[in-house]
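Below are some notes on the model you sent. They go point by point and can be read alongside the coordinates.

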Amino acid sequence: MSDNIRMDSHKLIFHPDVVSKWLGGEEIYPLSVEVGLSNVCNHRCIFCAVDYSEYKGKFIDKEIILSALKTLSEKGAKSVVFSGEGEPLLHKDAALIINKTKSYGLDAALSTNGVLFDEAVARECLQSLTWIRFSVSASTPETYAKIHQTKEADFHTALKNIKNAVSVKKEGKLGVTIGVQLLLLPENIKEAVSLAEILRDIGVDYFTIKPYSEHPDSINDNRPDYVSMNAEIRKIEVQLRDAQKNDYKVFFRAGQMEKLAYNRPYKKCCGMDFMCHIDSQGDVIPCIMYFGNPEYRFGNLYDSDIVSIWESRHKVCDKINATELKGCREICRLNEMNIYLNELMHPGAHVNFV
């Protein structure tokens with residue numbers, strides 16, 4: 001498969017009408033929303049960005065989130081990613097919410113460790129997903145259990161469920177893209193290639209390897225030294241390229257690793273106007289960077305409607321931008337979008353020579 005999913009880029013170029021309105025100072029609504037259905041998780045991954053949340057057992061009310069998503073769809077939103085601060089499938093209505101989201105005309109996606117995505121769940125909601133991404137951080141049960149901090153049996157369950165998803169996709173001739181992500185650590189670097197080969201044989205669409213990016217509030221302190229790992233990284237990058245076959249694509253995100261040590265060419269996060277996060281407690285926040293911090297929430301869905309919350313966000317956005325993003329993570333999903341928007345706002349002298 002070609003890189004039509006633009007793994008390390010952005011997709012604002014496909015929404016010029018919304019970008020044009022934004023440049024003209026018009027009020028716009030988020031094109032994409034990330035939703036945390038739950039802050040509970042059945043794993044305790046050593047790289048978890050929100051381990052400081054203590055997984056307190058919050059589940060967003062089904063009617064509250066569906067009402068907000070229906071309204072956002074009517075206002076121009078295009079997609080919803082169910083991931084957030086916990087395992088989405090621990091919410092008892094996860095499959096129903098995914099199906100309803102699709103019925104509202106929104107593209108739906110799911111990020112999961114896969115242990116609960118059994119064949120029954122796949123048959124219930126896979127047809128409503130544009131993509132699903134499984135988090136699998138090793139190719140052996142022993143390493144998997146160590147990194148995910150769970151029992152070894154979960155490794156076999158996750159792989160079985162990925163196989164089931166591929167089978168359900170093929171059987172139903174579904175258009176869903178099935179991917180798997182490994183977060184690269186010293187503990188699993190020697191297993192990246194073997195996992196790529198396992199997943200190729202299972203029949204997933206892609207496998208992506210991404211670097212660890214530390215959240216400022218994280219309790220864990222597992223930041224790898226990718227500079228010292230460089231020789232081994234370059235070696236497996238070649239091997240991973242060779243693991244590709246036919247439409248099976250491997251994305252080794254070396255560029256993201258390099259960005260861990262670069263200076264942003266912008267001082268404001270304009271991407272906040274195009275995306276937002278709704279957490280399991282109903283807080284609407286700019287991104288997961290501000291999860292659990294009431295000082296930076298736009299509002300709460302249990303107290304107000306999504307329209308009022310979104311249209312009152314500017315004070316919080318201005319507060320964040322006043323810091324020149326000095327407290328933000330090195331690798332941010334809004335980074336490429338911000339580079340693009342910054343260029344649009346500050347064009348060079350020769351832009352008319354097309």
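1. A residue is called buried here when its relative accessible area is under 20%, and exposed when that area is over 50%. By that cut-off, four of the five residues of strand β6 (residues 206-210) are buried, so the strand is mostly covered. Please keep in mind throughout that this is a predicted model.

2. Strand β6 has a partner in β5 (residues 177-183), to which five bridges join it in the parallel sense. Within this pairing, glutamine 181 stands opposite threonine 208 of β6. Between β5 and β6 the chain passes through helix α7 (residues 192-202), and the resulting β-α-β crossover is right-handed.

3. Strand β6 also pairs with β7 (residues 249-252), again parallel, over four bridges. Here threonine 208 stands opposite phenylalanine 251 in β7. Threonine 208 thus has glutamine 181 opposite it and also phenylalanine 251. The unit formed by β6, helix α8 (residues 230-243) and β7 is a right-handed β-α-β unit.

4. Which residues of helix α3 (residues 94-103) are buried? They are Ala94, Ala95, Ile97, Ile98 and Thr101. These residues lie on the same side of α3, because the arc they cover around the axis is only 165 degrees. The elements they pack against are the helices α2 (62-74) and α4 (119-125), together with the strands β2 (79-82), β3 (107-112) and β4 (129-135). After α3 comes glycine 105, which has a positive phi, near 90 degrees.

5. Six aromatic pairs turn up in a search of the whole structure. One of them is phenylalanine 117 with phenylalanine 134: the ring centres are 5.9 Å apart and the planes stand at 75 degrees, so the pair is edge-to-face. Phenylalanine 117 belongs to the loop between β3 and α4, and phenylalanine 134 to strand β4, so the pair ties together parts that are 17 residues apart in sequence. Both rings belong to buried residues, with relative accessibility of 0% for phenylalanine 117 and 1% for phenylalanine 134.

6. Aspartate 273 deserves a look. This residue sits in the loop between α9 (254-258) and β8 (275-278). Is aspartate 273 buried or exposed? Its relative accessible area is 15%, which is under the 20% cut-off, so aspartate 273 counts as buried. Its side chain makes a polar contact of 2.8 Å with the side chain of tryptophan 22. Apart from neighbours within four places in sequence, aspartate 273 is in contact with Trp22, Ile28, Tyr29, Pro30, Trp310 and Arg313.

7. Two backbone angles should be checked by eye. Most residues other than glycine have a negative phi. Lysine 173, however, has a positive phi, near 50 degrees, and is found in the loop between α6 (153-172) and β5. With a relative accessible area of 78%, lysine 173 is exposed.

8. The second case is asparagine 246, where phi is positive and near 50 degrees. Asparagine 246 lies in the loop between α8 and β7. Its relative accessible area is 72%, so asparagine 246 is exposed.

How values were computed
Residues are numbered from 1 along each chain as its sequence is written. This is a predicted model: local features need pLDDT of at least 70, side-chain atom pairs count only at pLDDT 80 or more; totals for chains, interfaces and linings use all residues. Side-chain values use heavy atoms; hydrogens and water are left out. Buried means under 20% relative accessible area, exposed over 50%, partly exposed in between (1.4 Å probe, protein chains only). Helices (H or I, at least four residues) and strands (E, at least two) are DSSP runs, numbered from the N terminus. The arc is that of the directions from the helix axis to the C-beta atoms. Contact means heavy atoms within 4.5 Å. A polar contact is a pair of N or O atoms within 3.5 Å; within protein, one must be able to donate a hydrogen and the other to accept it, and residues adjacent in sequence count only if both atoms are side-chain atoms. Two strands pair if DSSP finds at least two bridges between them. A crossover is right-handed if, with the strands pointing away from the viewer, the path from the first strand over the helix to the second runs clockwise. Rings of Phe, Tyr and Trp (its six-membered ring) pair if their centres lie within 6.5 Å; planes under 30 degrees apart count as stacked, over 60 as edge-to-face and the rest as tilted.
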